[in-house]
Each structure stands twice: as structure tokens, then as C-alpha cells.
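Reader: I would like a close look at one part of this structure. Please go through it slowly, and explain the terms as they come up.

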Amino acid sequence: MTGTPPGHSDRTPVSLAQAGQALHDGAAVVLPNPAPLTHVVTARRARAVNEAKGRPGDQPVALWAHHPDTLRDLDRIWELGPVQRAAARWLLTQEHLTVLVPVRDSSDLPAWAAPAAKDGWMLLFGARWQPLRPLLDPLPLLYVSSANRTGRPPAATTTDALAMFPATVPVLSVPEPGDPHTATAGTERRATTTVRLHSDGRLELHRHGAQDRPHADPGHYLQQLRTRCAQAARLHGTDGPPPAAPPGPAAPATPLPGGGPE
């Protein structure tokens with residue numbers, strides 16, 4: 001997985017401008033994240049994300065909650081009170097987690113939200129690397145999934161992504177300190193941690209990932225997460241999650257709405 005397949009040795013990453021043009025043209029693009037996160041694949045159409053991953057075009061994917069306009073529109077969709085909506089925004093924008101939130105009846109969802117919803121839950125992706133802002137800011141509506149072809153682990157490096165995806169899927173490279181084509185030494189890259197936020201404020205760990213990896217106990221991680229959220233709420237003069245709602249246990253290993261790593 002670390003080399004480029006035969007016949008693709010001359011393939012190179014695209015620039016930020018080229019990635020932006022590809023997204024505007026409707027293509028899916030693989031984007032990097034800093035360590036310890038893996039790459040993602042994104043597009044303005046959910047079907048383009050799925051096709052890039054080699055899976056059915058109508059499979060649910062995550063909505064990228066990277067833009068304030070998108071977050072504002074989501075307020076009318078989430079089945080959450082004001083306190084829980086503030087918590088959801090904090091988990092996405094500050095902790096950069098992937099978050100499952102309850103939504104209204106799926107039949108009542110707007111067309112742009114439907115690809116990210118399944119069985120009363122919506123999958124939202126929150127990580128956004130600062131160097132990608134010029135690319136992402138003009139595109140408030142994007143769908144996203146982990147940068148992997150079906151059945152394979154997410155791409156950890158630019159070289160991995162170039163080897164895994166066909167030439168029709170551009171791969172953006174953004175230099176990190178050291179060699180941009182290799183993972184940071186000693187750092188195991190993973191997809192983002194996924195948490196489930198219930199309407200009463202309870203948190204569950206839905207899928208292990210980069211953020212919770214240093215914590216051996218899911219309950220300890222969730223308690224720390226809740227404490228940080230409450231501290232941020234007090235700092236900004238808003239309410240945090242209700243103190244009566246303790247963190248829940250890790251959820252059963254059920255498929256994500258996106259069906260695989262996100």
C-alpha cells in the first residue's frame with residue numbers, strides 16, 4: 001500500500017487550485033489531514049464520494065460540517081435542544097470529531113441533508129485543517145468519507161492515496177514538517193473518533209479513532225470530553241450539556257451510516 005501501482009508511477013498530487021477546480025466540476029478529491037488523522041475523500045455530491053470509494057452510489061455518507069452556514073441550517077434538522085446543539089457544534093468545530101446526532105423524520109429532511117441520514121441519525125464530519133480553508137470556505141455543502149477504497153484502511157499518506165485511488169480521483173498534497181509523503185515518524189494515523197450525541201445530552205463512543213486512542217477506557221475519554229465541553233460553555237457564557245446526563249458506554253459495533261470507516 002506504500003507504493004504506486006504499475007502504470008501509475010508518473011502520477012503526481014494536484015495543487016490547491018487544481019483540487020478546487022475539480023470540486024467545482026463535480027469530481028471527488030482526496031484531501032490530507034495532519035497527523036494523527038488519515039486522509040478523506042470529499043465532493044459536492046454524495047454519489048461522487050461513493051463512486052470514488054468503489055461502493056454503491058446511494059450509500060449514506062457524512063456531511064462535512066465545516067461552514068457556519070451549514071451549521072446554521074442544521075439547527076432546523078437536529079432533534080436537539082439549544083444546549084445540545086451548542087454541544088454538537090463544539091464537538092465538531094473544536095474537538096474535530098465525527099458526530100452522530102438525532103434528526104427529525106427522514107422523510108422530512110431537505111434533499112441536501114438526506115445523504116448523511118439513516119435510521120433517525122445524521123453523520124457529521126468536523127475536522128478541518130487550516131491549510132485547507134481556501135479550498136473549503138467557498139464550498140459550504142460537501143460530503144465526505146475516509147479516503148479508502150471499499151475493504152481497505154484509510155490512506156495515511158499522499159503516496160497511499162495515489163496508489164489506492166484511480167487517476168480520475170485527484171489527490172491533494174499539503175506539506176507537513178518533514179516528508180509530506182510519509183506519516184509523521186512514530187505516529188499511527190487513524191480516522192477520526194465517532195461519538196453519538198443523544199437528545200438528552202448523553203455521549204456514547206460509537207467508533208474508536210485518533211482522538212480517543214490515548215485513553216484506555218472509553219468512559220474516561222467521554223468524561224474528559226464532557227468536562228472540556230462544559231468548561232468551554234462557561235468560558236463563552238453558554239450552557240453546556242445537562243449535568244444530569246452522564247456519559248454512556250461504548251455503543252455496540254454497528255455499521256455507521258456511511259457503511260465503513262469515515
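Which residues point one way from β4, and which the other way?

Author: This is a predicted model, in which local features need pLDDT of at least 70 and side-chain atom pairs count only at pLDDT 80 or more, while totals for chains, interfaces and linings use all residues. Residues are numbered from 1 along each chain as its sequence is written, and side-chain values use heavy atoms, with hydrogens and water left out.

Thr98, Leu100 and Pro102 point one way from β4, and Val99 and Val101 point the other way. Strands (E, at least two residues) and helices (H or I, at least four) are DSSP runs, numbered from the N terminus. β4 covers residues 98-102, and five of its five residues are buried. Buried means under 20% relative accessible area, exposed over 50%, and partly exposed in between, with a 1.4 Å probe and protein chains only.

Next come the neighbours of the strand. Two strands pair if DSSP finds at least two bridges between them. With β6, residues 121-125, β4 pairs in the antiparallel sense over five bridges. In that pairing, Leu100 of β4 stands opposite Leu123 of β6. With β8, residues 194-197, β4 runs parallel, and three bridges join the two strands. Here Val99 has Val195 of β8 as its bridge partner.

Put together, Leu100 belongs to the group with Thr98 and Pro102, whereas Val99 points the other way along with Val101. Leu100 is matched with Leu123 in β6, and Val99 with Val195 in β8. The strand between these partners is mostly covered.
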